[in-house]
Amino acid sequence: MSAYTTVVVGTDGSSTSYVAVERAAAVARDAEAQLVIVSAYTPASREDTADAEDVLGDEAYQVRGWTPAEEVLRTAEDKAAAIGARKITKVAEDGAPADVLRKAVENHRADLLVVGNKGLNTLSGRILGSVPSDVARRSGVDVLIVHTT
């Protein structure tokens with residue numbers, strides 16, 4: 001029996017977050033575990049969306065609703081599959097990243113949460129807190145913080 005049955009990983013579409021996705025995919029592959037890839041988003045205001053639609057023209061669908069998060073998740077899924085993860089679930093949810101990740105851990109009964117270290121060594125991260133430090137303190141499961149920077 002594997003140590004982990006469900007692995008949750010967060011991504012915001014940054015290259016550093018995809019490093020965490022690839023590490024989580026390798027763990028899920030090796031453990032034959034479910035991989036849940038999560039992207040938190042905040043819907044853009046109508047004004048912001050309208051401005052972006054003017055610039056994007058036919059590509060405006062990319063900024064409507066949760067489409068940007070869905071694109072991030074598709075890319076992350078492709079990367080995870082290339083690593084060898086087989087059981088992949090994608091979740092896009094409106095909310096603050098740390099809250100969305102903790103909720104995904106609870107909803108999917110995950111036993112491992114994987115995040116990148118982005119923000120841990122910044123001044124704002126030390127003063128205000130960062131997603132990795134927040135979830136490490138409050139997730140209630142093992143947390144793997146991947147060195148991505």
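Good morning. I shall start with one pair of strands: strand 2 and strand 3 run parallel to each other and are joined over eight bridges. One residue of this region can serve as a landmark, since Tyr41 stands opposite Asp94 in strand 3. Please keep in mind throughout that what we are viewing is a predicted model.

Let us now widen the view to the sheet. Five strands make up an open sheet, its order is 3-2-1-4-5, and the pairing is parallel. Which strands form the edges? They are strand 3 and strand 5, the latter covering residues 142-146, and each of them pairs on one side only. From one strand to the next, the twist averages 20°.

Moving along the sheet, we come to strand 1 and strand 4, which pair in the parallel sense over three bridges. Here Val7 has Leu112 in strand 4 as its bridge partner. Strand 4 also pairs with strand 5, again in the parallel sense, over five bridges. In that pairing, Val115 is matched with Ile145 of strand 5.

Strand 4 deserves a moment of its own. Are its residues buried or exposed? Five of its five residues are buried, and the strand is mostly covered. In a regular strand, side chains alternate between the two faces of the sheet. In strand 4, Leu112, Val114 and Gly116 belong to one side, while Leu113 and Val115 belong to the other. Both of these faces are covered.

Next, the helix that lies on the sheet. Helix 1 lies across strand 1, strand 2, strand 4 and strand 5. Relative to strand 1, helix 1 runs at about 175°.

This brings us to the interior. Nonpolar side chains in soluble globular proteins tend to be buried together. In this model, the largest nonpolar core has 23 residues. Those with the most contacts inside this core are Val7, Val9, Val21, Leu35, Ile37, Ala80 and Val114. Strand 1, helix 1, strand 2, helix 3, strand 3 and strand 4 each contribute at least two residues to the core. Which element supplies the largest share? That is helix 1, with seven residues.

Val21 shows what such packing looks like for a single residue. Leaving aside residues up to four places away in sequence, Val21 touches Val9, Gly10, Thr11, Ile37, Ala76 and Ala80. Apart from the largest core lies another one, of 13 residues, among them Val105, Ala110, Leu113 and Val135.

A brief word on aromatic rings. How many aromatic pairs does the structure hold? It holds zero. There is, however, a charge placed over a ring: Lys79 lies over the face of Tyr18, at 5.3 Å from the ring centre.

Finally, I turn to two residues in loops. Glu32 is found between helix 1, residues 15-31, and strand 2, residues 34-41. Its phi is positive, about 55°, although Glu32 is not a glycine. Is Glu32 buried or exposed? Its relative accessible area is 64%, and exposed means over 50%, so Glu32 counts as exposed.

Arg109 belongs to the loop between helix 4, residues 97-107, and strand 4, residues 112-116. Arg109 is likewise a residue other than glycine with a positive phi, near 50°. With a relative accessible area of 73%, Arg109 is exposed.

I suggest that you now locate Val21 in the structure and follow its contacts, including those with Val9 and Ala80. Thank you for your attention.

Technical notes:
Residues numbered from 1 in each chain as written. Predicted model: local features only at pLDDT ≥ 70, side-chain atom pairs only at ≥ 80, totals over all residues. Heavy atoms only, no water. Helix = DSSP H or I, 4+ residues; strand = E, 2+ residues; numbered from the N terminus. Buried < 20%, exposed > 50% of the residue type's maximum accessible area, 1.4 Å probe, protein only. Core = buried A, V, L, I, M, F, W, Y, C linked by side-chain atoms within 4.5 Å. Contact = heavy atoms within 4.5 Å. Phe/Tyr/Trp six-rings, centres within 6.5 Å; stacked < 30°, edge-to-face > 60°. Lys NZ or Arg CZ within 6 Å of the ring centre and 35° of its normal. Pairing = 2+ DSSP bridges. Axes fitted to C-alpha atoms, helices over the stretch in contact; angles between N-to-C directions.
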